[in-house]
Amino acid sequence: MKISARNQLAGRVTAVTPGAVNGTVKVDIGHGLTVTASITEEAIADLALAEGDAVTVLIKASDVLIGK
């Protein structure tokens, strides 16, 4: 899959915290840095996100997205 967003950071999921509508996903991107994304519960389920998954963090303006 090609994506136009150029701000892509490879990382590993360290935590998935569910919420009523949106959950949070914490991703270790190395160098002691963690990115936290707030994404829908539906997206978490569709991607089957879990601790330890290798993912790509995409940053577009003020939005943070997760790709797997």
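## Strand β1 meets β4

Strand β1 covers residues 7–17, and 6 bridges pair β1 with β4 in the antiparallel sense. Keep in mind as you look around that this is a predicted model. One pair to find on screen is A10 and T56: T56, in β4, is the bridge partner of A10.

Right after A10 in the numbering comes G11, which also lies in strand β1. Is G11 buried or exposed? G11 has a relative accessible area of 16%, and the cut-off for buried is under 20%, so G11 counts as buried. Setting aside residues up to four places away in sequence, G11 touches V27, D28, I29, D53, A54 and V55. A43 is another story: G11 and A43 are 32 residues apart along the chain, and 18 Å separates their C-alpha atoms.

## From β4 into β5

Strand β4 takes in residues 54–60, and 5 bridges join β4 to β5, with the two strands running antiparallel. You can follow the facing residues one pair at a time. L58 stands opposite L65 in β5, I59 stands opposite V64, and K60 stands opposite D63.

How many residues sit between β4 and β5 in their hairpin? There are 2 residues between the strands, and A61, in the turn, has a positive phi of about 55°.

## The whole sheet

Now zoom out. Which order do the strands take in the sheet? The order is β3-β2-β1-β4-β5, in an open sheet of 5 strands with antiparallel pairing. At the edges you'll find β3 (33–40) and β5 (63–67), each pairing on one side only. Going from one strand to the next, the twist averages 40°.

That order isn't how the elements come along the chain. Starting from the N terminus, the run is β-β-β-α-β-β. Altogether, the protein chain has 1 helix and 5 strands.

## E41 and the helix

Helix α1 spans residues 41–47, and E41 has its place there. E41 has a relative accessibility of 23%, so E41 counts as partly exposed. To be buried, a residue has to be under 20%, while exposed means over 50%.

What does E41 contact once you leave aside neighbours within four places in sequence? The contacts are T17, P18, G19, A20, V21, N22 and G23. With G19 there is a polar detail to look for: a polar atom of the E41 side chain lies 2.8 Å from the backbone nitrogen of G19. V64 makes a handy landmark too, since you have already met V64 opposite I59. E41 and V64 are 23 residues apart in sequence, and their C-alpha atoms are 15 Å apart in space.

## D53 in the loop

Where does D53 lie? D53 is in the loop between α1 and β4. Even in a loop, D53 counts as buried, because its relative accessibility is 16%. The D53 side chain reaches the backbone nitrogen of A50 at 2.8 Å.

If you don't count residues up to four places away in sequence, D53 touches G11, R12, V13, A48 and K68. G11 should ring a bell: D53 also appears among the residues that G11 touches.

## The chain as a whole

Last, some overall figures. Along its principal axes, the C-alpha trace of the protein chain spans about 30 × 25 × 20 Å. A compact globule with 68 residues would have a radius of gyration near 11 Å, and the protein chain has 11 Å, so the two agree.

What share of the 68 residues counts as buried? The figure is 25%. The accessible surface of the protein chain comes to about 4,500 Å², and 54% of that belongs to carbon and sulfur atoms. As for contacts, take those between residues at least 6 apart in sequence: 37% of them join residues at least 24 apart.

Terms used: Residues are numbered from 1 along each chain as its sequence is written. This is a predicted model: local features need pLDDT of at least 70, side-chain atom pairs count only at pLDDT 80 or more; totals for chains, interfaces and linings use all residues. Side-chain values use heavy atoms; hydrogens and water are left out. Two strands pair if DSSP finds at least two bridges between them. Helices (H or I, at least four residues) and strands (E, at least two) are DSSP runs, numbered from the N terminus. Axes are lines fitted to C-alpha atoms, for helices over the stretch in contact, and angles run from 0 to 180 degrees between N-to-C directions. The radius of gyration is taken over C-alpha atoms; the globule rule is 2.2 Å times the number of residues to the power 0.38. Buried means under 20% relative accessible area, exposed over 50%, partly exposed in between (1.4 Å probe, protein chains only). Contact means heavy atoms within 4.5 Å. Accessible areas come from the Shrake-Rupley method with a 1.4 Å probe; for residues, only the protein chains shown count as cover. A polar contact is a pair of N or O atoms within 3.5 Å; within protein, one must be able to donate a hydrogen and the other to accept it, and residues adjacent in sequence count only if both atoms are side-chain atoms.
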